[in-house]
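Please find below my notes on this model, set out as numbered points. They take up the protein interface, the two DNA strands and the domains in turn.

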Protein chains: 2
Amino acid sequence: MTVAILHQPPPRIIESAAARVERELRAGIIDLTIRPGERLSESEIADRFQVSRQPVREAFIALMRQGLVDVQPQRGTVVVKLSVRRMLDARFIREALEVAIVRRACERFDSHYRDRASALISAQDEAAKAGDHVTFQRLDSLFHIALAEGADCLEAWNAVEMQKAHMDRVCALTLHSSGSMGPLVVQHQAILDAVEDGDAERAVAAMSHHLSEILRAVAGLELKFTELFE
Amino acid sequence: MTVAILHQPPPRIIESAAARVERELRAGIIDLTIRPGERLSESEIADRFQVSRQPVREAFIALMRQGLVDVQPQRGTVVVKLSVRRMLDARFIREALEVAIVRRACERFDSHYRDRASALISAQDEAAKAGDHVTFQRLDSLFHIALAEGADCLEAWNAVEMQKAHMDRVCALTLHSSGSMGPLVVQHQAILDAVEDGDAERAVAAMSHHLSEILRAVAGLELKFTELFE
DNA sequence: TAGTATACACTTGTATGGAAGTTCAAGCGG
DNA sequence: CCGCTTGAACTTCCATACAAGTGTATACTA
């Protein structure tokens, strides 16, 4: 009995059907597995996930609030197309938030988060050299999260994450070229260096530069993938 | 026939039951008509609004994503209590966004939005002198929206609005004192003046000051209303 | 043939019943 | 008196049926 208790009586929270559908659909929309402009049907998705329409409907509503799908009453639901405007808006909002985060990080970062961020950069370097985009992207997110957590701004990260989806979706068009990952690692290091020095202005500039460069590679993509843009 | 068409054949979009429940519950939670910590029941709310449980459930989920209620699976749904931490987080996020907005407004504001913002300030002055808190708050929102719209940042305002709810909820404890409205009008004018001059640094300082002062009056309220705070 | 009306096949929105889980209190056994 | 069990009364979550609106294709009319 005592042993059983020590063995972590699964505190694992089981995910609701609605949450699972939302998570998987969201991932598909962001990595463009589900194409922009594609029509989604509650019934069809329900069949595919082996659930009823209700959880699917809740997932649709959640995705609509994130600006990823457009639910048109009595007409249908479509994945919103890519939009340069939306991408620039997302970048603007994200920059405002992450700039504020690194500015605060310059005051409150401690050694624990510094080590963690540094380790994440190293891991990203390896992933970049290995050409592992999936791991690279996950580590990228974790680095930004580490900054927010170290600055005691996790709530702000939630707001960032919603915007990040719109940037990631456009980046998914091009990030399959391995050469684009290297510079991002250098930029992360520059941000962390400035934060460690407590140099707010330099950290802000580094973050701003980083977020600008992310979208450098996607310039002109709307001409190349006209059917995916509105 | 032609006349009928000219007479705006009601383009009035009818609000879904779920949207109506969410809107009314949200308003009640923000103005503290629905008290922090209060338990909400799908059935009870459904009866009160004369709808089924399903739209109510969707409203609950939407409010949960806004951080206004806490849906505990198979246990119940409660209105989240006030929290100094949450309020400071909201202020941090809102400041980051609105500072970026006014900075951009200094570049792109045109006469149309300048006039609109100026008119809103005048109207706010009247409402303040009349002691009309409801009108004052509505005009306050409209002023900030005008800034965002004039800066071409309406998307950013959506993000602000979610955080604003948490600040408004705390402010609702004290904004019934008419003396607190006057200074806010002056602060709005200072922001607009700086924007009109295109002085970004001054505008940023004015906005930052404004958002700090909003919470000045609520210092120590958690000691006075301990049952409403967590 | 052109135009209109209508039926039908979709869609999302709502209502309702039941499944699964949690809480709490009464009742039983020590 | 204390502790465990058990069952009733709640909750949210899911499945299903139906209601209501939209677009389209077809058939009918002039």
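1. A polar contact, as the term is used in this note, is a pair of N or O atoms within 3.5 Å. The model is a predicted one, and the distances below should be read with that in mind. By this criterion A:Glu42 reaches DNA strand C through its backbone, where an N or O atom lies 3.4 Å from a phosphate oxygen of the strand.

2. Two further contacts to the phosphates of DNA strand C come from side chains, one in each protein chain. In chain A, an N or O atom in the side chain of A:Ser41 is 3.1 Å from a phosphate oxygen of DNA strand C, while in chain B a polar side-chain atom of B:Arg75 lies 3.3 Å from a phosphate oxygen of that strand.

3. Looking at the surroundings of DNA strand C as a whole, there are 23 residues around the strand, and those that come nearest are A:Arg53, A:Arg57, B:Ala17, B:Ser52 and B:Arg53. Of the atoms of DNA strand C that come within 4 Å of the protein, 59% belong to sugar and phosphate. The surface near DNA strand C draws at least two residues from each of strand 1 (39–40), helix 4 and strand 3 (76–79) of chain A, and likewise from helix 2 (17–30) and helix 4 (53–65) of chain B. Sorted by class, this surface holds six nonpolar, ten polar and seven charged residues.

4. Which residues come nearest to DNA strand D? They are A:Ala17, A:Ser52, B:Arg53, B:Arg57 and B:Gln74, out of 25 residues around the strand. Sugar or phosphate supplies 73% of the atoms of DNA strand D within 4 Å of the protein, and the rest belong to bases. The surface near DNA strand D is made up of eight nonpolar, ten polar and seven charged residues.

5. Individual contacts to DNA strand D involve bases as well as the phosphates. An N or O atom in the side chain of B:Gln74 is 2.9 Å from a base oxygen of DNA strand D, and the side chain of A:Gln54 has an N or O atom 3.5 Å from a base oxygen of this strand. With B:Leu40, by contrast, a backbone N or O atom lies 3.4 Å from a phosphate oxygen of DNA strand D. Two or more residues of the surface near DNA strand D come from each of helix 2 and helix 4 of chain A, and from each of strand 1 (39–40), helix 4, strand 2 (69–72) and strand 3 (76–79) of chain B; helix 4 of chain B gives the largest share, four residues.

6. Turning to the protein interface, 22 residues of chain A are in contact with 22 residues of chain B, and the area buried between the two chains is about 1900 Å², with 56% of it from carbon and sulfur atoms. A:Glu58, A:Phe92 and A:Glu155 supply 29% of the area that chain A buries against chain B, which is more than any other three residues.

7. How many salt bridges cross the interface of chain A and chain B? The rule finds eight, and A:Glu58 forms a salt bridge with B:Arg57 in which the closest N and O atoms are 2.7 Å apart. Between the two chains, six residue pairs (both at pLDDT 80 or more) are in polar contact. On the side of chain A that touches chain B, helix 4 (53–65), helix 5 (84–108) and helix 8 (154–171) of chain A are the elements that give two or more residues, and helix 5 gives the most, with ten. The residues on this side divide into ten nonpolar, two polar and ten charged.

8. Within chain A, the domain assignment gives domain 1 (17–79) and domain 2 (84–220), whose C-alpha centres lie 28 Å apart. Eleven residues from domain 1 of chain A and eight from domain 2 of chain A take part in their contact. These domains bury about 720 Å² between them, 66% of it on carbon and sulfur atoms, and A:Ile30, A:Leu32 and A:Gln66 supply 52% of the area that domain 1 buries against domain 2, more than any other three residues.

9. What polar links join the domains of chain A is quickly stated: across their interface the rule finds zero salt bridges, and the count of residue pairs in polar contact (both at pLDDT 80 or more) is one.

Technical notes: Residues numbered from 1 in each chain as written. Chains lettered and ligands numbered in written order. Predicted model: local features only at pLDDT ≥ 70, side-chain atom pairs only at ≥ 80, totals over all residues. Heavy atoms only, no water. Contact = heavy atoms within 4.5 Å. Buried area = accessible area lost by both parts, 1.4 Å probe. Salt bridge = Lys/Arg side-chain N within 4 Å of Asp/Glu carboxyl O. Polar contact = N/O pair within 3.5 Å; in protein donor to acceptor, adjacent residues only side chain to side chain. Nonpolar A, V, L, I, M, F, W, Y, C, P; charged D, E, K, R; others polar. Near = heavy atom within 4 Å. Domains from an automatic or database assignment.
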